[in-house]
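User: Could you take a close look at one sheet for me and walk me through how its strands are put together? I'd also like to hear where that part of the chain meets its partner.

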Amino acid sequence: MSAALEPRVVAPGSAADAAALLAACAREGAAVVPVGGSTLQSLGNAPRRCDVLLHTSGLSGVRDYLPADMTAGLEAGTTLADVARVLGEFGQWIPFDAPRAPLATVGGTLAAGWAGPRRAAYGRPRDLVIGSTVALADGSLAHAGGMVVKNVAGYDMSKLYVGSLGTLGLIVRANFKALPRPPAHRVALAPLADDVRDRTLAALGHLEIEPSAALIFDGFAGVARFGDAGVRLLLTFEGSDAVVERATRGVRSGLGKAGIPETLLLDGGAAERALAEAIDAYIDVPGASLTYRSVGLPSTAWSRTRSAAALAREYGLHAESVADVRTGDAILRFSAADVATFAAVLGGFDAALHRAFERTTVLAGEPALRAAIDAWGAEPSTIATMRAIKARFDPTGILAPGRYVGAI
Amino acid sequence: MVTSLSSRLLEALGPDIVHTSREDLTVYAYDGYSESRLPSAAVIPRDAREAALAVRIAAECGEPIVPRGAGSGLCGGAIPAQGGMVVSMVRMNRILELDVRNRRARVQPGLINLELSKAVAPHGIFYAPDPSSQKVSTIGGNVGTNAGGPHCLSYGTTTNHVLGVEYVDSTGAIHRCSIDDPGYDLTGLLVGSEGTLGLVTSVDVRLMVMPEAVRVFVAAFPDVESASEVVSAIIAAGIIPTALELMDKMITASIESHFHVGFPLTAGAVLLVEIAGAADDMAAGEAAIAQIARRHGALSWRAAADAAEREALWASRKGAGGAIGKITPNFYIQDACVPRSKLPQITHEIERIAREYDVKIGNLYHAGDGNLHPLLCFDRREARSVHAIVEAGTEILATCIAMGGTISGEHGVGHEKRGSLSLVFDTEDLAAMGRVRDVFDPHKLFNPDKIFPTGAVCGEVRAVPAVA
């Protein structure tokens, strides 16, 4: 954020106040950047201007949770940990799978368009949103959807706001369809040496019970720990006890045949922590590092991490990765001894990375490195439509200006 | 103007693609709704390029562009309400790419829903959204309405299974968008936009692995109220079956007379329940649901013996619309949604409305989702009967809204309910949607007079609702 003056920090206490504030900012031409738990502020470019930091801490609470309907109205500033706690009491959950659940908020997670590793099993947060209230720059409060789980009345506007990074309005509330929380949760960890890797990847495709997440870590020391193994496999299984037990037998047998002698099992809270820590690590910024997320086909996730590592070597960078072989995400972290060393090759490396993989965007990184590149890579072919949407919703360009794709 | 549209289309695309004679156009005047209007031209493109050319010509002529799938929609979504050009996608009915490993396919919009699942079944995968119309309705039409179906309860609706689309914009340019693209989720906007934002020319769909085990049960209850209490209790217990359908006596009787699948004829209501997943969970799943059913006075509980019986039961349920024709000259199928805990209450209210308006109403619910399809019986030759169902249908909608529900769960707003959208959204809500419309279609050529309320209520003749 480039403003010479410190931005004003505000935390409206109601949706109406938030809408009035946006209208006032629009009249004054004051740039507004919404802030939830500040966990994913590294997404996108730094806004060109920031006069007002709009915190959603005053808009927080599980408002209309109806366990018997399995629906919940969540205010934007509610933390994911609070959502998990309140819904958990009724054996329900909303699988956000976002980093830093104690800090991360519902509004921020939606605005970031976050979708984690278990989306292959449970859908993305966007798929569970059944309604929303958004404060717009003209001071209006726009509702979409409702509190029913099936609804085709009018455009599905919630989809537009999810992933818009605060550039169209402020999500003040979202209604969700909750899911039954699986009773048993197990994580299986295994080392993945070079000589067993291909066979193991093939074996994963033949498991009778699919893992809800399947991640291959290379680097990211400290998470998915398995002895001193360099490359590790993390699988999560959820469901009834019987299903998790059968899944475990299947994994041991499948991985055993592929040449992996030993699998470490974690259950319950330990399993949940292991997955949460792994997801938290996606946005860690150790020293002079930059982390990208490359989205693609599940079948190419692993090979993309290998190509990225090879590319990093060409530029003298150190590469770490997570290959999410169920969703197709590749989390690619690159680092150098210091910022200056990284910065010297960054322009060429970033361009080469975008040439190699489409749909690769910056997830987190050292601020100076992030500031030196565009976070989004090539503009999508629909950029003109996106710019027109921005112009209609935020004609004076006060909402997180410059943060989004194509400098929107 | 009209002459210029037809002649320009003919000149550009030829008589095989462009139909302009009155007899050829008649079929494009209708869908499953009651109103109709002849278009000036019907275009049946073979590929996206031809579709785009047609859109460009219509746009240059300032004429409406109305996308059409199978025309099975019940709300007038495919009727050319202001005339102009209908674009029928039936020739674009191929699977362009199938990626079994990554469980996705790129299909043309004219592909029939069921044909997709049939084509991929040998690979152990399926396309989850299964509207009752799936034997005839198209993927493109399903995208337009964000179609649902019985199995949406656990798998989600069309929007949860569309990964991206290719579409023709209001200038005739072709674009592709994906939910994985950086930037705004245009895919999410296009799904359910009922052809008002663009013409979809291909769809990237998510395919799912067939569950290892499937069980289907038929439970009978003394009345609709007790059956709906069971549905609410199942959801309240945190159990989400893959499908949970409720049919009252009138519906089961008509289905039974047609399909002979063994629905108990003496029961006041029947629940059709499906659970699916790991084989290990089937016994416990059945026990939990059966126990709830018995606690609420189930008269009987029967499990389908095998896949053939399961399929027969589902075919009969999806054929209810056709079967009901045996017992009433005409019927009007309403589509509304309430929170699932409100099912017993809305059931009670529908009974009251039936009595008050002296209308025979059959109840057919995608109950697990709170999605109601009351079937209002009438005889279109009797003005009194038509008037009564219009009034009763309106009151059912209003009652659903008062309970926190909405005006459509899966059929869409279309032409029929555009006046009702303002019952659930205020002017600020509608203005936000209007902005999206303006961006995609500034001249409002794509499917005009759909979804959005018309400004002033003009003296139009009140429609006779959907007739089957």
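Analyst: First, a quick bit of vocabulary: two strands count as paired if DSSP finds at least two bridges between them. Keep in mind that this is a predicted model.

With that in hand, take strand 8 (residues 162-168) and strand 10 (residues 199-206) of chain B: six bridges join them, and the two run antiparallel. Within this pair, B:V165 sits opposite B:V203 of strand 10. In general, strands of a sheet pair through backbone hydrogen bonds, either parallel or antiparallel.

Now zoom out to the whole sheet. It's an open one in chain B, built from five strands in the order 5-6-10-8-9, with antiparallel pairing. At the edges you'll find strand 5 (95-99) and strand 9 (174-178) of chain B, each of which pairs on one side only. Neighbouring strands are turned by 10° against each other on average, ignoring direction.

As for the partner chain, the contact takes 66 residues from chain B and 59 residues from chain A. Strand 9 of chain B, one of the edge strands, is among the elements giving two or more residues to the side of chain B that touches chain A. Also on that list are helix 7 (186-190), helix 8 (224-236), helix 15 (421-424) and helix 16 (427-440) of chain B. Helix 16 of chain B gives the most, with ten residues. Sorted by class, that side of chain B has 28 nonpolar, 24 polar and 14 charged residues.

Definitions and conventions:
Residues numbered from 1 in each chain as written. Chains lettered and ligands numbered in written order. Predicted model: local features only at pLDDT ≥ 70, side-chain atom pairs only at ≥ 80, totals over all residues. Helix = DSSP H or I, 4+ residues; strand = E, 2+ residues; numbered from the N terminus. Axes fitted to C-alpha atoms, helices over the stretch in contact; angles between N-to-C directions. Contact = placed C-beta atoms within 7 Å. Nonpolar A, V, L, I, M, F, W, Y, C, P; charged D, E, K, R; others polar.
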